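User: I'd like to learn how to read the features of a protein model, one at a time. Could you take me through this one, giving the general idea before each case?
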Amino acid sequence: MLDARERASEQLGAGGEARVGDSGQTEWPDAAAAATAPYPHFVCGGSVSEKLQELAAAMPSAEILGDLADLYKNFGDSTRLSILSALRVNELCVSDLAELLSMTPSAISHQLRSLRDHNLIRYRREGKTVTYSLADEHVELMIDMGLEHLMELE
């Protein structure tokens, strides 16, 4: 069985173009080989702190990633996704959503609160009636992209 350094050397270059040295650094025969390699500086376990710092700087902050995870949790709940799918077609009030999804108005209202909290839907009040719709085209695009991805997998 190959150790990590041997596997990395094999993956980096067939025919001995590059190898992983004792220090864990990628060693290239010359500057041209290093410059034209697909990922010349990335070797698991190697010393790549400069490149990793660049990657870390390009990534969203932990706080933003946490907020994004919370946003996507709404898409992970089938009831909320059903509500979003219905609102994608037409704006609806709570009673219409409840009837469509065979749920109580109270249960629908609970789900709508989470969707509102994450700015996925908006509402419009006319007298005593509150009508809900998708917040913007981004929400519809997120649903469309998920559906498109599922179709690719089939």
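Analyst: Happy to! Let's begin with a single residue: at 59% relative accessibility, N119 counts as exposed. Keep in mind that this is a predicted model.

User: Where is N119 placed?

Analyst: N119 lies in the loop between α7 and β4.

User: What should I look for in the backbone there?

Analyst: Start with the sign of phi. Most residues other than glycine have a negative phi. N119 is not a glycine, yet its phi is positive, at about 55 degrees.

User: Which residue in the loop between α6 and α7 should I look at next?

Analyst: Take S102, which sits in that loop between α6 (94-101) and α7 (105-117). Its phi is near 55 degrees, a positive value in a residue other than glycine.

User: Is S102 buried or exposed?

Analyst: S102 is exposed, with a relative accessible area of 67%. The cut-off you need here is that exposed means over 50%.

User: Let me step back to the whole chain. How many helices and strands are there?

Analyst: The protein chain has eight helices and five strands. Their order along the sequence is α-β-β-α-α-α-α-β-α-α-β-β-α. Of the 154 residues, 29% count as buried. Among the contacts with a separation of 6 or more, 39% are between residues 24 or more positions apart.

User: How do I read a sheet, and in what order do the strands of the open sheet stand?

Analyst: In general, strands of a sheet pair through backbone hydrogen bonds, either parallel or antiparallel. Here three strands form an open sheet in the order β3-β5-β4, with antiparallel pairing. β3 (92-93) and β4 (121-126) are at the edges, each with a single partner strand, so one side of each has no neighbour in the sheet.

User: How many bridges join β4 to β5?

Analyst: Six bridges join these antiparallel strands. One position to find is I121, which stands opposite L134 in β5. β4 and β5 also form a hairpin with two residues between them, and G127 in the turn has a positive phi of about 65 degrees.

User: And over how many bridges do β3 and β5 pair?

Analyst: β3 pairs with β5 (residues 129-134) over two bridges, again in the antiparallel sense. To locate this pairing, look at L92, whose bridge partner in β5 is Y132.

User: Now the helices. What describes a pair of packed helices?

Analyst: Two packed helices are described by the angle between their axes and the distance between the axes. Let's try α6 and α7: their axes come within 9 Å and cross at roughly 110 degrees. That makes α6 roughly perpendicular to α7.

User: Which residues of α6 and α7 meet?

Analyst: From α6 you have V94, L97, A98 and L101, which meet P105, I108, S109 and L112 of α7. By class, this contact has seven nonpolar residues, one polar and no charged ones.

User: How far is D96 from I108, in sequence and in space?

Analyst: D96 and I108 are twelve residues apart in sequence and 9.9 Å apart in space, C-alpha to C-alpha. D96 is in helix α6 and, at 38% relative accessibility, counts as partly exposed.

User: What about a buried residue in α7?

Analyst: Try S114, which is found in helix α7. S114 is buried, with a relative accessible area of 14%; the cut-off for buried is under 20%. Leaving out residues up to four places away in sequence, S114 touches N74 and R80.

User: At what angle do the axes of α5 and α8 cross?

Analyst: The axes of α5 (residues 78-89) and α8 (residues 137-153) cross at roughly 115 degrees and come within 10 Å. These two helices are therefore roughly perpendicular to each other. Their crossing is left-handed. L84, S85 and R88 of α5 make the contact with V139, E140, I143, D144 and L147 of α8.

User: How do the residues of that contact of α5 with α8 divide?

Analyst: They divide into four nonpolar, one polar and three charged. For the contact of α6 with α7, recall, the classes were seven nonpolar, one polar and no charged residues.

Notes: Residues numbered from 1 in each chain as written. Predicted model: local features only at pLDDT ≥ 70, side-chain atom pairs only at ≥ 80, totals over all residues. Heavy atoms only, no water. Pairing = 2+ DSSP bridges. Helix = DSSP H or I, 4+ residues; strand = E, 2+ residues; numbered from the N terminus. Axes fitted to C-alpha atoms, helices over the stretch in contact; angles between N-to-C directions. Parallel < 35°, antiparallel > 145°, perpendicular 65-115°, else oblique. Left-handed = near helix turned anticlockwise from the far one by under 90°. Contact = heavy atoms within 4.5 Å. Nonpolar A, V, L, I, M, F, W, Y, C, P; charged D, E, K, R; others polar. Buried < 20%, exposed > 50% of the residue type's maximum accessible area, 1.4 Å probe, protein only.
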